[in-house]
Amino acid sequence: RTRRVWLKLLRLSQVRSPSARPLTALAMAARHGARKRSAGALGGGSGVLPQDSKGREGKRGIRGTASSLGLRGSYTGYCPLASPETDGRPIGSNAAPLPDVERIPLAGLEPADFFERFVLARRPVILDVASSPDGPLAELLGLRGLAARWARPGCEGAAAMAEGPAAEAPVVAERRAAASVAFGQSDAGERCSTTLGAVCKELASGSELVYLTTQPLPEEDDGCPAALAAPHVLALLRGARRLRPKLLGNLALAQLNLWLGRSAEGSSSGLHHDFHDNLYVLLRGAKEFRLFSPRCVDLLAPAGADHGRPKLHSNGLLCYVPGIRDDGAPQAVVRHWLRAGRGDDCRGADSDDEDDEAMLESLLEEKSSGRRRQGGRSKRREVHPERSLPDSFCRASTLPNAARPLPEQLAGRHLTARLSEGDLLYLPASWFHEVISRGGGPGGHLALNFWMAPPHAKGSFEQPYEDSFWLEKFQVLHQAARASMEASHGAPRLRGRGASTGAVRRAQPRKKPRAEK
């Protein structure tokens, strides 16, 4: 039955799947739930965001003021528009700009301190590795020397990537019709199959119309990813001593991705959010992240709110259908995993599983047919280009000449993270961000990022999740990646906590307060 639930999730993801961010297990879970809940699960609470300069209630974004207040009120993490740093200033177009994202040196930052100050607090931060002579990949992964030449700035890095051992690795790349079109919003089927070397050579020729982003990964029978990264990423990291940076402590990696493009004037990713925590490493070029906290969800109105059931967890994870934990795990799949771990007979599943399947069938039928219920009758949705956006994308933009500007309450009120070569950015799950990428030279702009399952709101450094569901899945993916890399001639043996061959100890689920049940 759990396999059928996952297959339904896969079918749902195929109906609406963003090209720049193919669905990993966590993204799939965050977008498409597996358990039926009442509409009251959004909870109550009041927010401080929707007031203009005169203290009036702001424009309604997601299905009315009462619902939006409850939605944003459930978030307990950091929000610069509701913190002492704003000195109580009203949130309006005439308010002073916010300061840039905090920047601190990576040297001396202990993993436990990083977790408490930023991960658990849901607070973005830029980590400066300027003091490291070998660059950020040496600090994070132990990747040095010739093995890291591809990550160097300028022509040297571009040539090493185009001619190195990863050059023949297959990739799918996104293309746009003109430099004025944003990447990341076309259908996955519109991407083209090529090789990493071919993409590098096209960028070196001056093209700004191709972009290498996340890749489709193989999947297990239950719908979970069967790989931690695409072949070209593993080939580039072949000399790494570890794949999970020590800084991340016990967080479970979900996916590693490479981002490669070229833009002299700056290209926009579009305003969107992800379903993972993100450690983003800029290797070439320059990038500007324009950020809004998840508390702004009702004002930014992502596309998924039009047809989904938006829920904002207290740790900031935003999803559009019920049945998802705050770490992104579908509750129905976790129940099956727990029963299997206890040796229970899964054939005796309770009635919740039937509810899961019925809810998923309903969602699948609704998305496949494009119909919705209005006034007791079913009407087909009008075809509109904006409605083809992935669920996590917004129609508004921070760009000055955008077709749809930001709501007045948020105009000019984004946090800014300006990254230069070698900088790291930690970005918690579901923080809205529009990325302006610049890199007009032969090397273009290049980044490597680590996606992690977001921690439980009451997690700790030692046990960031309420059980070991994601950690066990990471262990399997890590061992498969290590086997692939060690099969290459002369590859070093991966070491570190993330490379242990021992089984992950199954943690006992935390007892939840009665109000959360």
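In this predicted model, pLDDT stays under 50 over residues 489-493, a stretch for which the model nevertheless has 11 contacts beyond four places in sequence. A further stretch, residues 85-94, likewise has pLDDT under 50 throughout, and here the model has 23 contacts beyond four places in sequence. For the chain as a whole, the mean pLDDT is 77, with 67% of the residues reaching 70 or more.

The secondary structure of the chain comprises 12 helices and 17 strands. Of its 517 residues, 56% count as buried, while the area that the chain exposes comes to about 21,400 Å², of which carbon and sulfur atoms supply 50%. When contacts between residues at least 6 apart in sequence are considered, 79% are found to join residues at least 24 apart.

Six of the strands are arranged in an open sheet of mixed pairing, in which the order is S1-S2-S15-S8-S17-S6. The edges of this sheet are formed by strand S1 (103-105) and strand S6 (253-261), each of which pairs on one side only, and the twist from one strand to the next averages 20°. Strands of a sheet pair through backbone hydrogen bonds, in either the parallel or the antiparallel sense. At the S1 edge, the pairing with strand S2 (residues 125-128) is parallel and extends over three bridges, and Ile104 stands opposite Leu127 in S2.

How values were computed:
Residues are numbered from 1 along each chain as its sequence is written. This is a predicted model: local features need pLDDT of at least 70, side-chain atom pairs count only at pLDDT 80 or more; totals for chains, interfaces and linings use all residues. Side-chain values use heavy atoms; hydrogens and water are left out. Helices (H or I, at least four residues) and strands (E, at least two) are DSSP runs, numbered from the N terminus. Buried means under 20% relative accessible area, exposed over 50%, partly exposed in between (1.4 Å probe, protein chains only). Contact means heavy atoms within 4.5 Å. Accessible areas come from the Shrake-Rupley method with a 1.4 Å probe; for residues, only the protein chains shown count as cover. Two strands pair if DSSP finds at least two bridges between them. Axes are lines fitted to C-alpha atoms, for helices over the stretch in contact, and angles run from 0 to 180 degrees between N-to-C directions. pLDDT is the predictor's confidence in each residue, from 0 to 100.
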